[in-house]
Amino acid sequence: MRDPLIELVERIAELERRQANFMRPVTVTKNNEDGTVTVSDGKGFDPKPVRQMSVTAGDWHLDAPAAEGTQGFLLCPEGDPSQGEFLPCMASDDKPRTSADPQVLKLRGPEGIELTITGGVMTFTGKMELGGAGGPLVARKGDKVICPAGEGVIVEGSSQVTCVD
């Protein structure tokens, strides 16, 4: 029969290990080709590459692979960092919040691409290709466009709206 005190000490050590690894603030050091990320806490904790979490709600799914320098948390519910998942969620000086307004949904990407939805209006900044590149010109600045919510007018941008059958 095992000594109950030894068993209790082992159980406490296991709980402490799980607690220490449950959630760690980390920074992405590399975005790997297989879809995993390599993270570090800057204090010597450097687990093997881990998966990155995505946001899923109903039929919507948002994947935004974290770039080098992205901050977030490594979540390891079982206490094993090799089975953890990276949750990108912390703004930084290099990657600030896109909006502090709870009525605004804003997605910002590389090269100045930005999508903002507020008050029933969607604003897009960047080049948009409808249906693919290389098709015939379908709209230009000043043209009227019909959207599910009604009519609109292209007021800014260039004549880069194309359609491919």
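Visitor: Why are Arg17 and Glu14 described as separated by about one helical turn?

Guide: Both residues belong to helix H1 (residues 4–22), and because they are 3 residues apart in that helix, about one helical turn lies between them. Please keep in mind throughout that this is a predicted model.

Visitor: What makes the contact between the side chains of Arg17 and Glu14 a salt bridge?

Guide: The term asks for a side-chain nitrogen of Lys or Arg within 4 Å of a carboxyl oxygen of Asp or Glu. The distance from N to O for Arg17 and Glu14 is 2.7 Å, so the pair meets the 4 Å cut-off and is counted as a salt bridge.

Visitor: How do you know that Arg18 and Glu14 also form a salt bridge?

Guide: Their N to O distance is 3.1 Å, and because the limit is 4 Å, this pair qualifies as well. Arg18 and Glu14 are 4 residues apart in helix H1, which again puts about one helical turn between them.

Visitor: Why is Arg17 called partly exposed?

Guide: A residue is buried under 20% relative accessible area and exposed over 50%, with partly exposed in between. Arg17 has 33%, Glu14 has 31% and Arg18 has 32%, so each of these values falls in the range called partly exposed.

Visitor: What does the salt bridge of Asp41 with Arg24 tie together?

Guide: The closest N and O atoms of Asp41 and Arg24 are 3.5 Å apart. Asp41 lies in the loop between E2 and strand E3 (51–52), whereas Arg24 lies in strand E1 (residues 23–31), so the pair ties together parts that are 17 residues apart in sequence. Both Asp41 and Arg24 are buried.

Visitor: Which residues are joined into one network by salt bridges that share partners?

Guide: The network is made of Glu14, Arg17, Arg18 and Glu78. Under the same cut-off, the model has a count of 8 salt bridges.

Visitor: How many disulfides are counted, and what would make a pair of cysteines one?

Guide: The count is 0, because a disulfide would need a pair of cysteine sulfur atoms within 2.5 Å. As for the cysteines themselves, Cys76 is buried, since its relative accessible area is 1%, while Cys89, at 44%, is partly exposed.

Visitor: What makes Leu107 eligible for a nonpolar surface patch?

Guide: Patch residues need over 30% relative accessible area, and Leu107, which is placed in strand E8 (residues 105–108), reaches 39% and counts as partly exposed. The patch of about 540 Å² is made by Leu107 together with Val55, Leu62, Leu105, Ile117 and Met122.

Visitor: Where is Arg2 found, and which residues does Arg2 touch?

Guide: Arg2 is found in the segment before H1, and, leaving out residues up to four places away in sequence, Arg2 touches Glu7 and Glu10. At 47% relative accessibility, Arg2 is partly exposed, because the value lies between 20% and 50%.

Visitor: Which elements of the chain have the highest and the lowest mean pLDDT?

Guide: Strand E2 (residues 37–40) has the highest mean, 94, and strand E14 (residues 161–162) the lowest, 44. Over residues 157–165 the pLDDT is below 50, although this stretch has 27 contacts in the model beyond near neighbours in sequence. Where pLDDT is low, the predicted coordinates should not be read in detail. The chain averages a pLDDT of 78, and 76% of the residues score at least 70.

Definitions and conventions
Residues are numbered from 1 along each chain as its sequence is written. This is a predicted model: local features need pLDDT of at least 70, side-chain atom pairs count only at pLDDT 80 or more; totals for chains, interfaces and linings use all residues. Side-chain values use heavy atoms; hydrogens and water are left out. Patches are made of residues with over 30% relative accessible area and no salt bridge: like charges are joined within 9 Å, nonpolar side chains (Val, Leu, Ile, Met, Phe, Trp, Tyr) within 5 Å. Accessible areas come from the Shrake-Rupley method with a 1.4 Å probe; for residues, only the protein chains shown count as cover. Helices (H or I, at least four residues) and strands (E, at least two) are DSSP runs, numbered from the N terminus. Buried means under 20% relative accessible area, exposed over 50%, partly exposed in between (1.4 Å probe, protein chains only). pLDDT is the predictor's confidence in each residue, from 0 to 100. Contact means heavy atoms within 4.5 Å.
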